[in-house]
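Open the model in the viewer and keep the selection panel at hand. The stops below each give a selection and then what is found there.

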Amino acid sequence: MPTAIVNSTGVDLSVILAFARMRKLLGIESKNPEDVPETAIQNAAEALQSAASLVVSDDGKRVRRKEPLGNVEEAIAAQDARSVHVGPFPYDATLDELTSFMKQHGEVLSVRMRRHTESKDFRGSIFVEFDSVETAKKVASMDLTYAEAPLKVMGKPEFKEEVIEKRHKRTNSPYNTGSNRENGGREDGAKTEEYAKGLIVRFTFKVARGLMIFCDAHNCQRFNVSLTCMGSTGGRGGRNYQGGCARGSCPGRR
């Protein structure tokens, strides 16, 4: 990602046009701001001249806010308050299709498609920023459908709280210190088994009778099993198999 050139006169338009989404819209191949065509910069400057909240520099090379952003946290909170989370949408839906759909229900300032971190594939839901908190609340109260499928619409602040709550309920969450953690994170309250520190894998053989073969890098051992064998693979100490086996015992630590 190119590094933004920011100073008192604003941000270089060449940097903005080198962002991935802008390159895709304008058909620019290079990620280097220095390679952005001059005509693209001029066209962007002309398009931004009518923007109510932005000011283009006299040479048409840079752009800045008309009013300072102020407190960043307050600005983010204000943006969240006029935004909603909407989904699920088809995974092959495009940004233009989703933007056009949401514009039918209010004045849209921006639409952001949520994507998986690694693959960048569309996750099927979007964040939509409207012109006001009132519009966002109105849309959040609607029963919307897309491609004949019902959509769930939720205010962005409420959605973020729901996500955080789910994360905190996970067994491995440092914030999960209540009864749910003691129950292994299970909502039904069933108690789960404790595992030894450093355990990598724990497994259960559900076999009434059969032949089990355990192999490591050096050799293999055969066991005729007539009872359920419980086992676990330890960490640095090697492998440790536990449980009852007829006609031979489960191997100890090797």
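Select β6 (108-115) and β7 (122-130) to begin: the two strands form a hairpin with 6 residues between them. Strands and helices here are DSSP runs numbered from the N terminus, with E over at least two residues for a strand and H or I over at least four for a helix. Within the turn, pick Lys120, which lies in the loop between β6 and β7. Its phi is near 70°, a positive value in a residue other than glycine.

This is a predicted model, in which local features need pLDDT of at least 70 and side-chain atom pairs count only at pLDDT 80 or more, while totals for chains, interfaces and linings use all residues. Residues are numbered from 1 along each chain as its sequence is written, and side-chain values use heavy atoms, with hydrogens and water left out.

Stay on the hairpin and show the backbone. β6 and β7 pair in the antiparallel sense over 6 bridges; two strands count as paired if DSSP finds at least two bridges between them. Three positions of the ladder can be labelled:

- Val108, with bridge partner Phe130 in β7
- Val111, which stands opposite Val128 in β7
- Arg112, whose bridge partner in β7 is Phe127

Next, add β5 (residues 83-87), which pairs with β7 in the antiparallel sense over 4 bridges. Here Val86 has Ile126 of β7 as its bridge partner. Then add β10 (152-155) to complete an open sheet of 4 strands in the order β6-β7-β5-β10, with antiparallel pairing. β6 and β10 stand at the edges with a single partner strand each, so one side of each has no neighbour in the sheet. From one strand to the next the twist averages 25°, an angle between N-to-C directions on a scale from 0 to 180 degrees, with axes fitted as lines to C-alpha atoms.

Colour by accessibility and return to β7. Of its 9 residues 8 are buried, so the strand is largely enclosed by the rest of the structure. Buried means under 20% relative accessible area, exposed over 50%, and partly exposed in between, using a 1.4 Å probe and protein chains only. Over the whole chain, 30% of the 254 residues count as buried.

Which pocket residues should be selected next? The largest pocket has a volume of about 1,700 Å³, and of its 38 lining residues the closest to its centre are Arg21, Leu109, Ser110, Val111 and Arg112. A pocket is an open set of points on a 1 Å grid over the protein atoms alone where a 1.4 Å probe fits, with protein on both sides within 12 Å along at least five of seven lines; lining residues have an atom within 4 Å of a point. The volume is the space filled by probe spheres set on the points, which are joined across faces, edges and corners.

Show α2 (20-26), α4 (72-81), α5 (95-102), β6 and β7, each of which supplies at least two lining residues. β6 gives the most, with 7 residues.

Two loops remain. Between β5 and α5, select Pro88; the peptide bond from Gly87 to Pro88 is cis, with omega near 0°. Between β8 (145-146) and β9 (149-150), select Glu148. Phi of Glu148 is near 65°, a positive value in a residue other than glycine, and the residue is exposed, with a relative accessible area of 82%.
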